[in-house]
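Subject: Handing over the structure

Dear colleague,

Here is the structure I said I would pass on to you. Please open it first, and then read the notes that follow beside it.

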Amino acid sequence: MRSYFPNLSGNDFHKNRIADAILEERLPHAILIDGPSGSGKKTFAKEIAMALNCELKKDDTRPLPCGRCNSCRRIKEGSFTDVKMLKRSDGKATIGVKEIKDFRADMYLSATESAYKVYIIDEAEKMTTEAQNALLIILEEPPKNVVIMLLASGTDSILTTIKSRTQYVTTSRFTSARLAEYLSANSQEARSLSFRDNEAYRALLVSADGRIGRALELLSPKAREENEQSREEIMAIVNALGKKTPYTELYAAISSLPQKRVEFSESLETLISALADLISAKKSESFSPVFFIDVETAKETGRDVPLQRLLRVYDIVVHTLRECEKNANVTLAQSNMATRIKMA
Ligand SMILES: [Zn+2]
């Protein structure tokens, strides 16, 4: 059987339905893709645009989209002029009527290079009512060969009149296994990383929390470096929690955390996740660690620190985070935290 959307794992029901509609040339003019942040909505929208314009669409010995023809490759790279995406402007809470009207005007121009012009509206749930009404006009009588895709995380704020004119598709967040499968099919970076450094790769999957978009971000060399550095800083503190560790060592680990308040607070939040894992590991055999790559690693790491001590440390770190939010001096907060932990 012909394979549909081979680059998207899961969501088979929606994949088959959309692919059949494309091949039978009865895909509706508007599709609403609803799913949590990072569940692959943009990727799905791009893949639909590729399938619509794939030069080998009629060749049923190939997957749909083929991913290799000129159109497929250019849509993937983002250099295809007939696939456009509208995003909320930086610093704005909503997508306004002006932006939708400009987008709409473009839809009325005929396609420049492809059979289908595809318009993607990201965060469609953030459109103002006025903007939605402006969009509605075009949904009522869409130009030929225009496909509009609305991406949304929840559709409560989308007008019923819009919803009734769109085909509804959902995407769900990926499990780590599915995420790994997706990344190995789509990212050279992921393939070489998983081959070279299995541990770092699994840590990355944990940090991505089932979100494709986040995983792709984390794969950039800069993000990877920051993520690894931050994990090392947290591990240095976790490893200094034993009662016998000299104060200087504990203090050195804590004072290596960032000195900027916002970044220090983020580190404390990560430390809190790590401590929560260590505490859960003492109490339960089966839980989903947030910081550690698996239950075994969390158990092993916290082996020499008693549960009561971990609980006290946890409270101290939460307390420090609150102090920080009240504008406490960071350097002082770090040295107080070290002293309190030493005495805990
Ligand atoms: Zn193709």
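I begin with strand 1 (residues 30-34), where five of the five residues are buried, so that this strand is largely enclosed by the rest of the structure. Please keep in mind throughout that this is a predicted model. From strand 1, Ala30, Leu32 and Asp34 point one way while Ile31 and Ile33 point the other way, and the residues on both sides are buried.

Strand 1 has two partners that I can describe. With strand 4 it pairs in the parallel sense over five bridges, and Ile31 has Met149 as its bridge partner in that strand. With strand 5, strand 1 again pairs in the parallel sense, here over four bridges, and the bridge partner of Ile31 in strand 5 is Gln167. Ile31 therefore has a bridge partner in each of these two strands, and counts among the buried residues of strand 1.

These strands belong to an open sheet of five strands, which has the order 2-3-4-1-5 and parallel pairing. Strand 2 (83-86) and strand 5 (167-170) stand at its edges and have a single partner strand each, which means that one side of each is left without a neighbour in the sheet. From one strand to the next, the twist averages 20°. Further along in the same order, strand 3 (residues 117-121) and strand 4 (residues 146-152) pair in the parallel sense over five bridges, and Tyr119 has Ile148 as its bridge partner in strand 4. As general background, the strands of a sheet pair through backbone hydrogen bonds, and they may do so in either a parallel or an antiparallel way.

Next comes the metal site. Which residues coordinate the zinc ion? The donors are the SG atoms of Cys54, Cys66, Cys69 and Cys72, at 2.3 to 2.4 Å. The angles among the four donor atoms run from 102 to 121°, and the site of the zinc ion is tetrahedral. Along the sequence, the spacing of the donor residues is C-x11-C-x2-C-x2-C. As for their surroundings, Cys54 has a relative accessibility of 5% and therefore counts as buried, the cut-off being under 20%. Cys66, at 11% relative accessibility, counts as buried too, and Cys72 is likewise buried. A search of the whole structure finds zero disulfides.

Asn70 lies in helix 3 (residues 70-77) and is partly exposed, with a relative accessible area of 37%. Asn70 and Cys54 are 16 residues apart in sequence, and their C-alpha atoms are 8.2 Å apart in space.

Some points of the backbone deserve your attention as you go through the model. In general, most residues other than glycine have a negative phi, and most peptide bonds are trans. The peptide bond from Leu64 to Pro65, however, is cis, with omega near -10°, and Pro65 is found in the loop between helix 2 (41-53) and helix 3. Phe5, which is not a glycine, has a positive phi of about 45°; this residue is found in the segment before helix 1 (12-23), and with 0% relative accessibility Phe5 counts as buried. Asn145 is also not a glycine and has a positive phi of about 60°. Asn145 has its place in the loop between helix 5 (129-140) and strand 4, and at 28% relative accessibility it counts as partly exposed.

Finally, I turn to the chain as a whole. Its secondary structure comes to 16 helices and five strands, and of its 344 residues 47% count as buried. Taken along the principal axes, the C-alpha atoms fill a box of roughly 75 × 45 × 30 Å. The domain assignment gives domain 1 (12-172), domain 2 (175-219) and domain 3 (222-343), and the C-alpha centres of domain 1 and domain 3 lie 44 Å apart.

With best wishes

Note on methods:
Residues numbered from 1 in each chain as written. Predicted model: local features only at pLDDT ≥ 70, side-chain atom pairs only at ≥ 80, totals over all residues. Heavy atoms only, no water. Disulfide = S-S within 2.5 Å. Buried < 20%, exposed > 50% of the residue type's maximum accessible area, 1.4 Å probe, protein only. Domains from an automatic or database assignment. Donors = N, O, S within 2.8 Å, 3.2 Å for Na, K, Ca; no water. Tetrahedral: all angles 85-135°; square planar, octahedral: opposite > 155°, others 65-115°. Pairing = 2+ DSSP bridges. Axes fitted to C-alpha atoms, helices over the stretch in contact; angles between N-to-C directions.
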